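Biologist: Could you take me through one part of this protein slowly, as if I had never looked at a fold before? I'd like to hear about the sheet and whatever sits around it.

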Amino acid sequence: MWDAAVNTLGADWLFQGVWGLVSIFVVEMVRDAYHVASHLWPPLIPLHNWHHKAYRKDFSVVSTELYQKAQIYNDVPEALVMMMAMAGIAVVTPLWGFWLGFVYGASFLIAALLRSQGLFHGSDLTHEPGPLKTRPGIWFVNRTYHWRHHFDETTAYYAGYFTLSDKVMGTALSLKGKTVAVTGASGTLGRALIKQLAAQGAKPIALSRSADVTIEGAVKIIPWQAGREKDLGDVLKRVNILVINHGINVHGERTADAIAKSLEVNALSAWRLMEVFLETVDNRLGPATKELWVNTSEAEVNPAFSPLYETSKRLLGDLITLRRQDAPCVVRKLILGPFKSNLNPVGVMSAEWVASAIVSLAKRDIRNIIVTINPLTYLAFPIKETAQSIYFKIFSRNPKK
Ligand SMILES: [Zn+2]
Ligand SMILES: [Zn+2]
């Protein structure tokens, strides 16, 4: 009987312990919801403004007075809301594990009160001053991630600790005002992407073989062709996001010329352009303000019924996997299935739909964007990419890093 009582007690503690961990996640979601409200609900806006006014662009504090006011008017009420929400859940449910979330909120209240009185000088991890050295975190907020909320776009990047809230809201990447250059811009997908990017408030630049085309949504058309990557150096300095989307498909051909063309356009030109762009990512703000997207296609893991298309796209995919181990900015792969175009009239998906899915997933900070109707790709690609990434990490190195 005594044993049974101890067992029940143990099980109960375990049960509440799990809810305690859940409460940490929930209380962070409450913080993010309060943050969103602080940008949208007029009574909270002036309180939260103190937080935004307290920092310079390198996250150094503008003045002690502003910093202390920010603690009082923003951090203290935020912590109180977090505590009240957790106490509410603990009392109503009643899952007493949620009191852990309450204590967690209380620790932020104490830190904010001490900071507001100048009694505690430790800055929190997401506001430490200095240059931005790392890429934005994928699942957890780091300095580079949060810097964008202050200085890139205040209506995005709301998350405080778990980036999941931004992923759900589609605010994990803002395209507003970003200069986005797209290669292969006059092709079916290039055109559709430029239209979608423009709809998101981006300023798309079309890189196309001929300047003599009209491309809806493009603010500028720059003539460019594969093989002249270095010529784009100056243009790319001012570009936030480069989308490498050009490519050719020689279908069933297997001549020496077809091999040369496929490797040159689909793999080598794309790789050289990637290197030219990565050179422009400065080590001060670059990791927060620049991104590279590369369309490697589903041919990375599945047949495209065009051997040279597969071979060249797989080479490009491998080079990106190798290079993005220590790339200075976010590098996204676009893994796309067949869509309807002039080259592929039997494609099932429309290019417009594919383009809007790409943009929607990028705004959720998905780094490997898969858009296809083939279920095998969703299974095969993540396995291939993870395994290869680990293998490359072990057997390669970059002495410059
Ligand atoms: Zn804010
Ligand atoms: Zn902040």
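Modeller: Here is a walk through the sheet, followed by a quick look at its surroundings. Keep in mind that this is a predicted model.

Let's get our bearings. The domain assignment splits the protein into domain 1, residues 2–169, and domain 2, residues 179–395. Their centres, taken over C-alpha atoms, are 37 Å apart. Where they touch, domain 1 puts in 12 residues and domain 2 puts in 11. On the domain 1 side, helix α5 (residues 143–151) gives the largest share, which is three residues. That side is a mix: five nonpolar, three polar and four charged residues.

Now for the sheet. Picture seven strands in an open sheet, paired in parallel, in the order β3-β2-β1-β4-β5-β6-β9. Look at the two ends of that row: β3 (220–223) and β9 (368–371) are the edge strands, and each has a single partner, so one side of each has no neighbour in the sheet. The strands aren't lined up perfectly, either: ignoring direction, neighbours are turned by 20° against each other on average.

Zoom in on one pair. Strand β4 (residues 241–244) runs parallel to strand β5 (residues 291–295), and four bridges link them. If you want a spot to click on, try I241, which stands opposite E291 in β5. Then there's a helix lying against the sheet: α12 (residues 351–362) touches β6 (330–336) and β9, and its direction makes about 150° with that of β9.

Follow the chain out of β5 and you get to a loop that leads to α11 (307–323), and S297 lies in it. The phi of S297 is near 75°, a positive value even though this residue isn't glycine. Why bother pointing that out? Most residues other than glycine have a negative phi.

One more stop, away from the sheet, is helix α3 (residues 64–92). It has 29 residues and spans 41 Å from its first C-alpha to its last, close to the expected 42 Å. Even so, α3 bends by about 35° at Q71. The loop between α3 and α4 (99–116) holds P94, and the peptide bond joining T93 and P94 is cis, with omega about -20°. Most peptide bonds are trans.

Notes:
Residues are numbered from 1 along each chain as its sequence is written. Chains are lettered from A and ligands numbered from 1 in the order in which they are written. This is a predicted model: local features need pLDDT of at least 70, side-chain atom pairs count only at pLDDT 80 or more; totals for chains, interfaces and linings use all residues. The expected span of a helix is 1.5 Å times one less than its number of residues. The bend at a residue is the angle between axes fitted to the seven residues ending there and the seven starting there. Domain bounds come from an automatic or database domain assignment. Two residues are in contact if their C-beta atoms, placed from the backbone, lie within 7 Å. Ala, Val, Leu, Ile, Met, Phe, Trp, Tyr, Cys and Pro count as nonpolar, Asp, Glu, Lys and Arg as charged, and the others, Gly among them, as polar. Two strands pair if DSSP finds at least two bridges between them. Axes are lines fitted to C-alpha atoms, for helices over the stretch in contact, and angles run from 0 to 180 degrees between N-to-C directions.
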